[in-house]
Amino acid sequence: MTSPSNFGSLTNEQIDFYNEQGYLVLPNLLSEQDLSPAKEAMNKKVSMIADELMHAGLISNKLEHRPFKYRLAELFADLTSEEFLNYGRSWRDRLPGYFDLMSNPKILDAVESLIGGELFSNPVYNTRPKIPKVAAGAVPWHQDKSYWPDANSNPVITVWIPLVDANEVNGCLHIKPKTHRTKLLKWHSESHTGTGYTALHESQLGKTKTVVLPVPAGSAILFNDRCLHMSTPNESDEVRWSVDLRYQPTDQDPMPSHGAGFLARSYLHPERVATLEDWLAEKPEHNT
């Protein structure tokens, strides 16, 4: 759906690249100020985890003064993968900082260039704290659509944003260009890590050359939900913090079985755009 006010922020060259390749890298899209609310939400969750670990006698120091990119990794340095996975492979907490990020105009402007100005923020958003030595940090080759195979939503655009520099040591994104035209492939549940990630067999990956995408913090990688991608394990001593946000046109399936998304932008009905209070109350639109 394209509104009359649809402009967006991408150049024609960027739009053509995305349409042809199935992905687009926007280096340094977000500033530290843009990322700050989401970091605050992540720090709040880490402090909660530290409190629980301390109460359970699993740690003797909550490491409250350690830097953002190290603290969670150091809290679990002497614990098991299973103890880490008690908190999930990814987080979907309804904290204000995440709404600030998902409704950031810089992100919405980019997505608008690709699918128009009537934008719905999909309920499947994730915070991913990839810590060292935990097998679940490695995400196998998959298509995002395998997580919502029956949803009548196409396109769904994933916006992947690292909160620290993402590189080949701490496990950056790998992608196979032009695979967004692929149908939804038959997947299986990955069993090695105990996370149940959807995964593809090597024989399904085709001959398309893999592109490795190291990017600095605050960059955004946009890709179609059929585009094949994965990430490698974290072999560093820091947390590879990232988020994956998703957007789609408003005239498509809002996927309520996955939670409550929200109307992020509308030129046709601006009065319905959700506020923070709406989102916290799990209301997809603002009722005036």
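# Exercises on a predicted model

Arg181, at 54% relative accessibility, counts as exposed. On this scale, buried means under 20% relative accessible area, exposed means over 50%, and partly exposed is in between (1.4 Å probe, protein chains only). The model is predicted: local features need pLDDT of at least 70 and side-chain atom pairs count only at pLDDT 80 or more, while totals for chains, interfaces and linings use all residues. Residues are numbered from 1 along each chain as its sequence is written, and side-chain values use heavy atoms, with hydrogens and water left out.

## Exercise 1: Overview

State how many helices and strands the protein has, and what share of its residues is buried.

**Solution**

1. There are 7 helices and 13 strands. Both are DSSP runs numbered from the N terminus: helices are H or I with at least four residues, strands are E with at least two.
2. Of the protein's 288 residues, 53% count as buried.
3. Among contacts (heavy atoms within 4.5 Å) with a separation of 6 or more, 83% come from residues 24 or more positions apart.

## Exercise 2: Salt bridges

Find the partners of Glu20, Asp93 and Asp109, and say which parts each pair ties together.

**Solution**

1. The rule asks for a side-chain nitrogen of Lys or Arg within 4 Å of a carboxyl oxygen of Asp or Glu. The count by this rule comes to 13 salt bridges.
2. Glu20 pairs with Arg181, and their closest N and O atoms are 3.6 Å apart. Glu20 belongs to helix α1 (residues 12–21) and Arg181 to the loop between β6 (173–175) and β7 (188–189), so this pair ties together parts that are 161 residues apart in sequence. Glu20 is partly exposed, at 35% relative accessibility.
3. Asp93 pairs with Lys45, with 3.0 Å between the closest N and O atoms. Asp93 sits in the loop between α4 (81–85) and α5 (96–102), and Lys45 in helix α2, so parts 48 residues apart in sequence are tied together. Asp93 is partly exposed with a relative accessible area of 22%, whereas Lys45 is buried at 11% relative accessibility.
4. Asp109 meets Arg265 in a salt bridge of 2.7 Å, N to O. Asp109 is part of helix α6 (residues 105–115) and Arg265 of strand β13 (residues 262–265), so the pair ties together parts that are 156 residues apart in sequence. Asp109 is partly exposed at 26% relative accessibility, and Arg265 is buried with a relative accessible area of 14%.
5. Through shared partners, salt bridges join Glu20, Lys178 and Arg181 into one network.

## Exercise 3: Nonpolar cores

Identify the residues that touch the most other members of the largest nonpolar core, and the helix that gives the most to this core.

**Solution**

1. A nonpolar core is a set of buried Ala, Val, Leu, Ile, Met, Phe, Trp, Tyr and Cys residues joined through side-chain atoms within 4.5 Å.
2. The largest such core has 56 residues, of which Leu72, Phe76, Val159, Leu222, Trp241 and Leu245 touch the most other members. Helix α2 (residues 32–55) gives the most, with 8 residues.
3. Leaving out residues up to four places away in sequence, Val159 touches Ile107, Val111, Ala220, Ile221, Leu222, Val243, Asp244, Leu245 and Tyr247.
4. A second, separate core of 11 residues includes Trp160, Ala166, Cys172 and Leu173.

## Exercise 4: Helix α3

List the buried residues of helix α3 and the elements that they pack against.

**Solution**

1. In α3 (residues 68–75), the residues Phe68, Arg71, Leu72, Ala73 and Leu75 are buried.
2. Buried residues of this helix pack against α2, α4, β3 (126–130) and β12 (240–249).

## Exercise 5: Positive phi

Locate Met255 and Glu282, and decide whether each is buried or partly exposed.

**Solution**

1. Most residues other than glycine have a negative phi.
2. Met255 has a positive phi, near 55°. Met255 is in the loop between β12 and β13 and is buried, with a relative accessible area of 2%.
3. Glu282 also has a positive phi, near 60°. Glu282 lies in the segment after α7 (276–280) and is partly exposed, at 48% relative accessibility.
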